[in-house]
Amino acid sequence: MFDTTIAGSLPKPAWLAEPNKLWPQWRLAGAELDDAKRDATILALKLQEDCGIDIVSDGEQSRQHFVHGFLEQVEGIDFGKRVEIGIRSNRYKAMVPTLVAPLRLKGRVHAREAQTARAHTPRKLKFTLPGPMTIVDTIADAHYGDRVEAAMAFAGVLNEEARALAADGVDVIQFDEPAFNVYMDEVKDWGIAALHRAIEGLACTTAVHICYGYGIKANIDWKATLGNEWRQYQEIFPALAKSRIGQVSVECRNARVPMSLLKLLNGKDVLVGAIDVASDTVETPEQVAAVIAEAMKYVAKEKIVACTNCGMAPMRWDIAYGKLAALGQGAELARKKFG
């Protein structure tokens, strides 16, 4: 009961990449970089285990960015044609590659890190992939000219890699869809259908992570405009409850999302974000347990997984792991109180 996991990314060690950046530059190249990514993956697993995390992750140590780390191995994406676009409904600007031709995987995308992780932990292993809608929102499309067609094409290549990850021994495959709380009508029209294409044929647990974004200034400023209650999820939770996705990951700690909305996810495992990634303040175990207790009012306790609000890639390394320790200790405290 109250297993713990992380939403996705963890900070990279300073010897691997620039610290405290969402789009860090690698410190190494070639075979040295490959070896460093492997070492960082093993270190991330060990530290999660030490913190009491039950369902561990590679921490996205081998990816510069959660979307582009996947796209680097997809034919049809031209990183030589980078353009600046507004993403997440123009919330902030980013330099993104261009979609120029039909999509096809060059080969396995994440085989090395998934197989390394599986070989170095006995715990359940989660692996994250970008969701189709979020990919479409994070590239410049010069080929399909239609978001739905492009999303379904991306869902197809995501499914190919997801099936291979499951064969590698991954227990949970999570698709990250921060775009889901920006384009709510599209989620219901085609976003969930694209996810269904991405999980086709998977026997492992599937999850979708939706959130209000990393703890970067553009997201913090945007959240300040949303008022005292963030009710975007009210529009999409009923559709997610009817979907074939097994788990839904949402932010709860220091969020203005009414916790009562979680009851709209009836039947799903809910990854309850009990760690705020937009603050450097390390939570106490008691605060983590309090978030779990509040979620229990609306979600059956056996359906709750304690999680972080979002990825921690831009966060200071020591703060991130302090927060993970609090997550593990807080879940243990909740088990003693409510188990």
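K297 counts as exposed, since its relative accessibility is 57%. Let's start from that residue and work through a few exercises together.

The model is predicted, with local features requiring pLDDT of at least 70, side-chain atom pairs counted only at pLDDT 80 or more, and totals for chains, interfaces and linings using all residues. Residues are numbered from 1 along each chain as its sequence is written, and side-chain values use heavy atoms, with hydrogens and water left out.

**Exercise 1. Salt bridges**

Work out which salt-bridge partner K297 has, and whether that partner is buried, partly exposed or exposed.

*Solution.*
- Begin with the general idea: side chains of opposite charge can pair when their charged atoms come close.
- Next, apply the rule: a salt bridge is a side-chain nitrogen of Lys or Arg within 4 Å of a carboxyl oxygen of Asp or Glu.
- With it, E294 and K297 form a salt bridge at 2.9 Å, N to O.
- For accessibility, buried means under 20% relative accessible area, exposed over 50%, and partly exposed in between, with a 1.4 Å probe and protein chains only.
- E294, at 27%, is therefore partly exposed.
- Across the model, the rule gives 23 salt bridges.

**Exercise 2. Pairs that join distant stretches**

For the salt bridges D269 to K303 and E283 to K323, find which parts of the chain each one ties together.

*Solution.*
- Elements first: helices (H or I, at least four residues) and strands (E, at least two) are DSSP runs, numbered from the N terminus.
- The side chains of D269 and K303 meet at 3.7 Å, N to O.
- Because D269 sits in strand β9 and K303 in the loop between α9 and β10, this pair ties together parts 34 residues apart in sequence.
- Each partner is partly exposed: D269 at 22% relative accessibility, and K303 at 29%.
- Turning to the second pair, E283 and K323 come to 3.0 Å, N to O.
- E283 belongs to the loop between β9 and α9 and K323 to helix α10, so the parts tied together are 40 residues apart in sequence.
- Here E283 is buried at 4%, and K323 is buried at 0%.

**Exercise 3. Helix α10**

Compare the span of helix α10 with the expected one, then say which elements its buried residues pack against.

*Solution.*
- The expected span of a helix is 1.5 Å times one less than its number of residues.
- Helix α10 covers residues 317-338, which is 22 residues, and 31 Å separates its first C-alpha from its last, close to the expected 32 Å.
- Its buried residues include I319, Y321, K323, L327 and A334.
- These buried residues of α10 pack against α1, β9 (269-275), α9 (285-295) and β10 (304-308).

**Exercise 4. The two pockets**

Describe the volume and lining of the largest pocket and of the second largest pocket.

*Solution.*
- On a 1 Å grid over the protein atoms alone, a cavity is a set of points where a 1.4 Å probe fits but cannot get out, whereas a pocket is an open set with protein on both sides within 12 Å along at least five of seven lines; lining residues have an atom within 4 Å of a point.
- Grid points are joined across faces, edges and corners, and a volume is the space filled by probe spheres set on the points.
- The largest pocket has a volume of about 260 Å³.
- Its lining has 16 residues, with K37, S62, V109, R112 and E113 nearest the centre.
- Helices α1 (30-50) and α3 (111-120) are the elements giving two or more residues to this lining.
- For the classes, Ala, Val, Leu, Ile, Met, Phe, Trp, Tyr, Cys and Pro count as nonpolar, Asp, Glu, Lys and Arg as charged, and the others, Gly among them, as polar.
- The largest pocket's lining then divides into 2 nonpolar, 6 polar and 8 charged residues.
- R112 also takes part in a network of salt bridges with D34, D35, R38 and D39.
- The second largest pocket has a volume of about 220 Å³.
- It is lined by 14 residues, of which D3, I55, K124, Q247 and V305 are closest to its centre.
- That lining has 6 nonpolar, 2 polar and 6 charged residues.

**Exercise 5. The surroundings of V305**

Which residues does V305 contact, leaving aside its neighbours within four places in sequence?

*Solution.*
- V305 lies in strand β10 and is buried, with a relative accessible area of 9%.
- Contact means heavy atoms within 4.5 Å.
- On that basis V305 touches D3, T4, T5, V270, L271 and V272.
- T5 is 300 residues away along the chain, yet the two C-alpha atoms are separated by 7.2 Å.
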